[in-house]
Amino acid sequence: MSQSNVLEQVCLSQKFTVSYEYPVVFCRNAFDPTNETLANLINNKHESPCVLPIFDEQVSLLHPELKSDVSTYFSNIGVECLPCLVLEGGEGCKNNESLIDTLYAEVEMHKIDRHSYFLVIGGGALVDAVGFAAATAHRGIRLIRMPSTVLGQNDAGVGVKNAVNFHNRKNFVGTFAPPFAVVNDFTLLDTLTARDKRAGIAEAIKVALIKDATFFEELYATRHALANFEAKATEKMIIKCAKWHLDHIANGGDPFELGSARPLDFGHWSAHKLEQMTHNALRHGEAVAIGIALDTIYSALMQHISIEQADRVVELLLDLGFELNHPILLDLDIVKALDEFKEHLGGDLCITLLSDIGKGFEVNEIDDAEMLNAINQIKSI
Ligand SMILES: NC(=O)c1ccc[n+]([C@@H]2O[C@H](COP(=O)([O-])OP(=O)(O)OC[C@H]3O[C@@H](n4cnc5c(N)ncnc54)[C@H](O)[C@@H]3O)[C@@H](O)[C@H]2O)c1
Ligand SMILES: [Zn+2]
C-alpha cells in the first residue's frame, strides 16, 4: 500500500494572554536630583541597564541645561547614561527614513539590549518615530516616553501606537507596542509656542465630545483660561484627556485596533488629509480642530445633534483661537480622503459622528453632498 503524500488536515490551536501595565506619571522637573520618579521606574537592582536619552532638537535648544541634568541624574542613581542624541523634531522626522537608521546604529554601537532604555524627550512626532525604532530594534527595546508637547502628553505619548510616514502617507509604517513608562513633565511645556500649546487642546475636545459631556462642559467653562494657557486649567485638561485615552485603550475592547471602528479618530479622516495637503504646515492638532468642526456640523446637518449643540462646539474651538476657515478646505476631495481613511482603518469605512455632546457613534457611509454643505458652513464662519 503506497503512503499518500497528501496530509490529512492538521489544525493545532495556540492561545495565550499577555497582560500589559505601564505607569503614566505627571510631574514637574523630572531631572531634579530630588525627584524620584525616574529612579523608581528604572529598576536596576538585578541588572545593569543603560539609557539612551533622545532629544527633540527644539527641546534641547530651549532647555539648554537639560542634557547635563539628565546625565547627572542617571549617574546619581547608578545607571549608565549614554551620550545624548539630538534629533530633528516635528512631522519632518516621521518622513525622514535616515532617522530610523540613526537609531538602529546607536543600538548597534552601544550594544543597547532589550533590558536597556530609549528615553525620548520630544513632541508627538519624535515620540512616534523613536517608538517605532524601539519596537523594532531587537524586536523591542524598553521605551520611556517623555512627551514635551500638550498633544504628546494628553494623547500621542500615552497610548500603544507608534508610526512613521512613508511615500507621503501618514503613519503608513508602524507597530502596536506599549511603552515601558510615560513621564509627563509639565515644565517641558513652558517653552512651547502658542500654536503648539493650543493644538493639543483639540484632542481633549475630541475625546470629550465622544465620551464625556461633563468634560466638554469643563472645557467650555475654562475656555478663556485655556486660551491663555493658564497652568491649572491646562494641566487639568491634559490629565483628563490622557485618562480618557488610557481608558479607551484598556476598556474599549480593541486595544490593538483589529476592528474597523476607531472612535478616538473622531474628526481625523479629514484632518489626516488636510495635514498632508498642507505638507504639514497645519499641525496635527490644528487639522483635528477643523476635522472636529466638520464632523460636528455634519452631525447636525444629519440631525443627530441640534444646531445649537454644534454651534457651541464651534464657539469653543474659535474661542480657543483655532482657525477653522482654512483656505485648504476648499480643495478637500471628500471621496478621496474617505477612501484613504478606509484603507488606513482596514475593512469597512467607519466614521465617528455625534449623537449628543459626550456621545459618539459609528456610521459606515457619508453623504458627500451634506459633507460639502458642512465645508461650506465652515467657509462662512
Ligand atoms: N501614536 C499615537 O497614538 C499618536 C496619537 C496622536 C498623534 N500622534 C502623532 O503626533 C504627532 C503630533 O505631535 P505634536 O503635536 O506633539 O507635534 P510635533 O511633534 O510635530 O511638535 C511640534 C513642534 O514643537 C516642537 N517642540 C516639541 N517640544 C517642544 C517644547 N517643549 N518646546 C518648544 N518646542 C517643542 C517640535 O520640535 C515641533 O517643531 C503627529 O505626527 C501625530 O501623527 C500619534
Ligand atoms: Zn490625533
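A polar contact is taken here as a pair of N or O atoms within 3.5 Å. With that in mind, the tour of this predicted model can start at ligand 1. A polar side-chain atom of Glu91 sits 2.6 Å from an oxygen atom of ligand 1, and Thr149 likewise offers a polar side-chain atom, at 2.5 Å from an oxygen atom of the ligand. Lys161 takes part through its backbone: one of its polar backbone atoms is 3.1 Å from a nitrogen atom of ligand 1. In total, 26 residues surround ligand 1, and those that come nearest are Asp56, Glu91, Ser148, Thr149 and Lys170. Glu91 and Thr149 thus appear both in this nearest group and in the side-chain contacts just described.

The second ligand is a zinc ion, and its protein donors are readily listed. Glu203 (OE), His268 (NE2) and His284 (NE2) coordinate the zinc ion (ligand 2) at 2.0 to 2.1 Å. Along the chain, these donor residues follow the spacing E-x64-H-x15-H. His268 belongs to helix α13 (residues 268-277) and His284 to helix α14 (residues 284-301), so the two histidines tie together parts that lie 16 residues apart in sequence. Both histidines can also be placed with respect to the surface. His268 is buried, its relative accessible area being 3%. His284, at 19% relative accessibility, counts as buried too, because the cut-off for that class is under 20%.

The remaining zinc donor, Glu203, leads on to helix α9. Glu203 is one of the buried residues of α9, a helix that spans residues 201-211. Of the 11 residues in α9, 10 are buried, so the helix is largely enclosed by the rest of the structure. Alongside Glu203, the buried set consists of Ile201, Ala202, Ala204, Ile205, Lys206, Val207, Ala208, Leu209 and Ile210.

Empty space inside the protein was examined as well. Searching the whole structure yields one cavity of 30 Å³ or more, and the largest cavity holds about 40 Å³ of space. Its lining is made up of Arg262, Asp265, Phe266, Gly267, His268, Trp269, Asp295, Phe341, Cys350, Ile351 and Thr352. The elements contributing two or more residues to this lining are α13 and β10 (351-356). By residue class, the lining comprises five nonpolar, three polar and three charged residues. His268 makes a pleasing link between the two sites: this residue lines the largest cavity and also coordinates the zinc ion (ligand 2) through NE2.

Note on methods: Residues are numbered from 1 along each chain as its sequence is written. Chains are lettered from A and ligands numbered from 1 in the order in which they are written. This is a predicted model: local features need pLDDT of at least 70, side-chain atom pairs count only at pLDDT 80 or more; totals for chains, interfaces and linings use all residues. Side-chain values use heavy atoms; hydrogens and water are left out. Donors are N, O and S atoms within 2.8 Å of the metal (3.2 Å for Na, K and Ca); water is not among the atoms, so sites may look incomplete. Helices (H or I, at least four residues) and strands (E, at least two) are DSSP runs, numbered from the N terminus. Buried means under 20% relative accessible area, exposed over 50%, partly exposed in between (1.4 Å probe, protein chains only). On a 1 Å grid over the protein atoms alone, a cavity is a set of points where a 1.4 Å probe fits but cannot get out, and a pocket is an open set with protein on both sides within 12 Å along at least five of seven lines; lining residues have an atom within 4 Å of a point. Grid points are joined across faces, edges and corners, and a volume is the space filled by probe spheres set on the points. Ala, Val, Leu, Ile, Met, Phe, Trp, Tyr, Cys and Pro count as nonpolar, Asp, Glu, Lys and Arg as charged, and the others, Gly among them, as polar. A residue is near a molecule or strand if one of its heavy atoms lies within 4 Å of it. A polar contact is a pair of N or O atoms within 3.5 Å; within protein, one must be able to donate a hydrogen and the other to accept it, and residues adjacent in sequence count only if both atoms are side-chain atoms.
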